[in-house]
Amino acid sequence: MQTENGNTTTVERKALTEEQVNRFWTDGYLGIGKILEDDEVELLRREYDREFERAYSGHHPRYRSHAVGDTRILQIIQMCEYNIHFRRLLYDDRILDLIEDLIGPNIQLFHDHALLKPARHGAPALWHQDNAYWRCSPPNLVSCWLTLDDVDVHNGAMQFLPGTHFRSVEHDRLAEDSVLLDLSDKVDDANAVVVPLPAGGVTLHHCQTLHYTAPNKTDRQRRAFAIHFMTPGTRSLREMKYLEVSFEQPVLRMRV
């Protein structure tokens, strides 16, 4: 825009209000609601289903299936490396604008993953902090959790414990031979907040916020896609190295 003296100024872009930013940093999460149009959701559903069909036939190298009792949660890590539509979603300004308001203008991908809870036997995602798995430093990563189906408490909407992002918690393994972590015996979920969403809706959460999704015992599947963002210069304590810019972990936005 032009000022009265003819100089060009930059219009400040804000996707979140000051109140929303403050609420995120107080509670460790924020429900946003619907950001994708219905036709965009339909396209992503088709591509999501196609990738999982490949997985079921044994042709997807990043497919994982995790058992919790007699239920399962199905996962494809780094969907963006196999499907151009999910690759493009990483760079969507509607998402990056939200993230910029929380971690600043320089944004790098940590990773993404698709999380499918099948109808009737979708497993719970047990209470955990993401950074208990990741062990990143500084622990300031932010996740955008996007659903491609309407979600509520019955089919696996996100549940959060407000204010739990201020410190890390020691986790237990679900079982000796399991990669899953579980805090169920250590968590008082009386104050848990369920965030229902329409298809195309998102929540944002901090990497140390305790969260959970219930088992899906409904006749509806629950297709979710999570994108995890970090600032360049983040270090992996697990691998004892800085997470360098690469095709796997690109810089999604850089402002100087």
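**Exercise 1. Work out which radius of gyration a compact globule of 256 residues would have, and set the protein chain against it.**

Solution. Start with the rule: 2.2 Å times the number of residues to the power 0.38, with the radius of gyration taken over C-alpha atoms. For 256 residues that puts a compact globule near 18 Å. Next, take the value for the protein chain, which is 19 Å, so the two agree. For the box, go along the principal axes: the C-alpha atoms fill roughly 70 × 40 × 35 Å.

A note on the input before moving on. This is a predicted model, in which local features need pLDDT of at least 70 and side-chain atom pairs count only at pLDDT 80 or more, while totals for chains, interfaces and linings use all residues. Residues are numbered from 1 along each chain as its sequence is written, and side-chain values use heavy atoms, with hydrogens and water left out.

**Exercise 2. Describe the protein chain as a whole: its helices and strands, its burial, its contacts and its charges.**

Solution. Step one is the secondary structure. Helices (H or I, at least four residues) and strands (E, at least two) are DSSP runs, numbered from the N terminus; the protein chain has 5 helices and 17 strands.

Step two is burial. Buried means under 20% relative accessible area, exposed over 50%, and partly exposed in between (1.4 Å probe, protein chains only). On that scale, 52% of the 256 residues are buried. The exposed surface comes to about 12,600 Å², with 49% of it supplied by carbon and sulfur atoms; these areas come from the Shrake-Rupley method with a 1.4 Å probe, and for residues only the protein chains shown count as cover.

Step three is contacts, meaning heavy atoms within 4.5 Å. Take those with a separation of 6 or more: residues 24 or more positions apart account for 82% of them.

Step four is charge. Lys and Arg count as positive, Asp and Glu as negative, and His and the chain ends are not counted. Each charge sits at NZ of Lys, CZ of Arg, CG of Asp or CD of Glu. The mean positions of the 29 positive and 38 negative charges are 4 Å apart.

**Exercise 3. Count the disulfides and check Cys80 and Cys144.**

Solution. The cut-off is a pair of cysteine sulfur atoms within 2.5 Å. Apply it and you get 0 disulfides. Cys80 is in none, as the nearest cysteine sulfur, that of Cys144, is 14 Å away. Turn it round and Cys144 is in no disulfide either, with the sulfur of Cys80 the nearest at 14 Å. Both residues are covered: Cys80 is buried at 3% relative accessible area, and Cys144 is buried at 0%.

**Exercise 4. Take helix H4 (residues 93–103) and decide whether it is mostly covered or mostly open.**

Solution. Count first: 9 of the 11 residues of H4 are buried, which makes the helix mostly covered. Now look at who they are. Charged side chains turn up in the list, including Asp97, Glu100 and Asp101, and Ile95, Leu96 and Leu98 are also among the buried residues. Finally, check what comes after H4: it is Gly104, with a positive phi near 100°.

**Exercise 5. Find the backbone oddities at Pro138, Arg120 and Met240, and place each one.**

Solution. Begin with omega. The peptide bond joining Ser137 and Pro138 is cis, at about -5°, and Pro138 lies in the loop between strands S6 (136–137) and S7 (142–147).

Then phi. Arg120 is not a glycine, yet its phi is positive, about 75°. Arg120 belongs to the loop between S4 (107–117) and S5 (125–128) and is exposed at 54%. Met240 also has a positive phi, near 55°. Its loop runs between S15 (235–236) and S16 (241–242), and Met240 is exposed at 53%.

**Exercise 6. Compare the surroundings of Thr209 and Arg167.**

Solution. Thr209 sits in the loop between S12 (201–206) and S13 (211–213) and is buried at 0%. Leaving out residues up to four places away in sequence, Thr209 touches several others, among them Asp27, His128, Gln129 and Phe160. Arg167 lies in the loop between S8 (158–160) and S9 (172–173) and is exposed at 60%. With neighbours within four places set aside, Arg167 contacts Gln129 and Gln208. Last, the distance: the C-alpha atoms of Arg167 and Thr209 are 8.8 Å apart, with their positions 42 residues apart along the chain.
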